[in-house]
Amino acid sequence: MIARVVGACVAVALLGACATVPQNRRAHFADPMMQLTPETLDAARQQKLYDTREGAAGGDGAPAGGGCGCQ
């Protein structure tokens, strides 16, 4: 009896996630904020900022700079 109740709860939870998204709502899911990986240019900017603020660089294959931001 408990197995049936648990099975029914799992089935409801899995089937509740299935939905058809209308065409006019799909733009929300294509928002850059929803990407799993950052864009290449933004990642490079963030890495340069991190290296500059830390005052050290290297370890990621990039040449080490001073800390003044001039790499």
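How many buried residues are there among the 14 residues of helix 1? The count is zero, so helix 1 is hardly covered (buried means under 20% relative accessible area, exposed over 50%, partly exposed in between, with a 1.4 Å probe and protein chains only). Please keep in mind that this is a predicted model, in which local features need pLDDT of at least 70 and side-chain atom pairs count only at pLDDT 80 or more, while totals for chains, interfaces and linings use all residues. Residues are numbered from 1 along each chain as its sequence is written, and side-chain values use heavy atoms, with hydrogens and water left out.

**Overall layout**

- The protein chain has three helices and zero strands; helices (H or I, at least four residues) and strands (E, at least two) are DSSP runs, numbered from the N terminus.
- Along the sequence, the pattern reads α-α-α.
- Of the 71 residues in the protein chain, 1% count as buried.
- The protein chain has an accessible surface of about 6,400 Å², and carbon and sulfur atoms account for 62% of that surface; such areas come from the Shrake-Rupley method with a 1.4 Å probe, and for residues only the protein chains shown count as cover.

**Confidence**

- Mean pLDDT (the predictor's confidence in each residue, from 0 to 100) is 75 for the protein chain, with 73% of its residues reaching 70 or more.
- Among the elements, helix 1 has the highest mean pLDDT (88), and helix 2 (residues 26-29) the lowest (74).

**Helix 1 and its nonpolar patch**

- The end C-alpha atoms of helix 1 are 20 Å apart, which agrees with the 20 Å that its 14 residues should span at 1.5 Å a residue; the expected span is 1.5 Å times one less than the number of residues.
- Ile2, Val6, Val10 and Leu14 make a nonpolar surface patch of about 410 Å².
- Patches are made of residues with over 30% relative accessible area and no salt bridge, joining like charges within 9 Å and nonpolar side chains (Val, Leu, Ile, Met, Phe, Trp, Tyr) within 5 Å.
- Leu14, which lies in helix 1 (residues 2-15), is exposed, with a relative accessible area of 59%.

**The salt bridge in helix 3**

- The structure holds one salt bridge (a side-chain nitrogen of Lys or Arg within 4 Å of a carboxyl oxygen of Asp or Glu).
- Asp42 and Arg45 form this contact through their side chains, at 3.5 Å from N to O.
- Both residues, Asp42 and Arg45, sit in helix 3 (residues 40-54), three residues apart, about one turn of the helix.
- Asp42 is partly exposed at 36% relative accessible area, whereas Arg45 is exposed at 52%.
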